[in-house]
Amino acid sequence: MEIVPNFSLKKHNTFGIEAKAKQFVAVHSVQDLSTILQENKAQKKFILGGGSNMLLTKDIDALVIHIDLKGKKIIKENNDFVWVESQAGENWHEFVLWTIDQDFGGLENMSLIPGNVGTTPVQNIGAYGTEIKDTFISCEAMTIESQEVKTFTKEECHFGYRESVFKNEVKNQYIITSVVFKLTKTNHKINTSYGDISAELAKNNITNPTLKDVSNAVIAIRQSKLPDPKELGNSGSFFKNPILLKSDFEKIHQQFPEMKYFNISETEVKVPAGWLIEQAGFKGKRFGDAGIHKNQALVLVNYGNATGQEILNVSKDIQETIFKTFGIHIEAEVNVI
């Protein structure tokens, strides 16, 4: 394992921001990870996965440890279900496609989400009516301090909307090394009710969709709305959809009756942040090389040479305008470094 000084992270973050790591090392096994942590105990560390959910606003004055653990396997199965373990460094979308190729159901609605498998439980990622917690069984994680490996069950992960124990109670204490999912082998629960999936399937005259059909529909929808990070730097959805108490939402809704919303419980309502940003006039706007995507207002983009600070400034301007206009605070989903 070579520790490289003054390492460019431009190719290791999907925004394509030019920032340097004081030191950088890629680890390819759990043993390598343990060794690096032991040998660099006194050093400040920064853990890097797929680089898809972060905005770098400065150089990283630390040892950047890139988790590049590869491999996936079936660890258990019966007639109806299969338990699949993936190492943390596997690309998420490629892993989803692999499960579909095996005719294992449960992840197809989350096709084409950028990033690696190891970071999916941190955010409890989700799309089109499904979330990681729906199929998650457990994950293994190494303590940065002592290199002990602990198994976190679904209950111990405290999953919420884009939330988990790894973003809260044990933040910066563990590195996820592998994740286990329980997927269907038969009687797949095909979920086409959310977003534009049913319309996309109808467009292709598909009335009895397979897992692959659903995945293809999701990919087509995402590609029509979201830019490819390889062509235009971005981190997918920059903001979370705000969740409001119904009592608060009703007052705002009286003022803005056209506001879109989804009931998520008897007491809570989710408002699409993209709708708020579009109504505030930001969709497609450009500020130098930082901007808001023309097809999806939730996505902030780097047109080439934007700095992380410039993109952060645009995001703050959006947040302030939304609050002034609607009285709603929208939170960043992306980790700002």
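Q: What joins β6 to β7?
A: A hairpin does, through three residues. Keep in mind that this is a predicted model.

Q: How do β6 and β7 pair?
A: They pair in the antiparallel sense, over five bridges. Strand β6 covers residues 72-77, and β7 covers residues 81-87.

Q: Which residue in β7 stands opposite Lys72?
A: That is Ser86.

Q: Is β7 mostly covered or mostly open?
A: Mostly covered. Six of its seven residues are buried.

Q: And how many bridges join β7 to β12?
A: Seven, and the two strands run antiparallel. Strand β12 spans residues 174-184. Trp83 of β7 has Lys182 in β12 as its bridge partner.

Q: Let's switch to charges. How many salt bridges are there?
A: The count comes to 17. Side chains of opposite charge can pair when their charged atoms come close.

Q: Which residue does Lys185 meet in a salt bridge?
A: Glu77, at 2.7 Å from N to O.

Q: What does that pair tie together?
A: Parts that are 108 residues apart in sequence, because Lys185 lies in the loop between β12 and α5 (197-203) while Glu77 lies in strand β6.

Q: How accessible are the two partners?
A: Lys185 is partly exposed, with a relative accessible area of 24%. Glu77 also counts as partly exposed, at 44%.

Q: What is the salt-bridge partner of Glu278?
A: Lys283. Their closest N and O atoms are 3.5 Å apart. Glu278 has a relative accessible area of 38%, so it ranks as partly exposed. Lys283 is partly exposed too, at 31%.

Q: Which residues are linked in a network of salt bridges?
A: Glu131, Lys133, Asp134, Arg162 and Glu333.

Q: Back to strands. What is the order in the open sheet of four strands?
A: The order is β13-β19-β18-β17, with antiparallel pairing.

Q: Which ones are the edge strands?
A: β13 (233-234) and β17 (286-287). Each pairs on one side only.

Q: How many bridges are there between β17 and β18?
A: Two, in the antiparallel sense. Strand β18 takes in residues 290-292. Arg286 stands opposite Gly291 in β18.

Q: Which residue forms a salt bridge with Arg286?
A: Asp289. The closest N and O atoms are 2.9 Å apart. Arg286 counts as partly exposed at 48% relative accessibility. Asp289 is partly exposed as well, at 22%.

Q: New topic: pockets. What volume does the second largest pocket have?
A: About 840 Å³. Rolling a probe the size of a water molecule over the atoms shows where empty space is left.

Q: Which lining residues are closest to its centre?
A: Thr14, Asn91, Pro114, Pro229 and Lys230, out of 29 that line the second largest pocket.

Q: Which elements give two or more residues to that lining?
A: α2 (92-101) and α6 (211-225). The largest share comes from α2, with three residues.

Q: Last one, the surface. Which residues form the nonpolar patch there?
A: Tyr194, Ile243, Phe262 and Ile264. Together they have about 330 Å² of accessible area.

Q: Where is Phe262 found?
A: In strand β15, residues 262-263.

Q: Why does Phe262 count as partly exposed?
A: Because its relative accessible area is 40%, which is in between the limits of under 20% for buried and over 50% for exposed.

Methods
Residues numbered from 1 in each chain as written. Predicted model: local features only at pLDDT ≥ 70, side-chain atom pairs only at ≥ 80, totals over all residues. Heavy atoms only, no water. Patch = residues over 30% accessible without salt bridge, like charges linked within 9 Å, V, L, I, M, F, W, Y side chains within 5 Å. Areas by Shrake-Rupley, 256 points an atom, 1.4 Å probe, with all protein chains shown as cover. Salt bridge = Lys/Arg side-chain N within 4 Å of Asp/Glu carboxyl O. Buried < 20%, exposed > 50% of the residue type's maximum accessible area, 1.4 Å probe, protein only. Pairing = 2+ DSSP bridges. 1 Å grid on protein atoms, 1.4 Å probe; cavity = no way out; pocket = protein on both sides within 12 Å on 5 of 7 lines; lining within 4 Å. Points joined across faces, edges and corners; volume = space filled by probe spheres on them.
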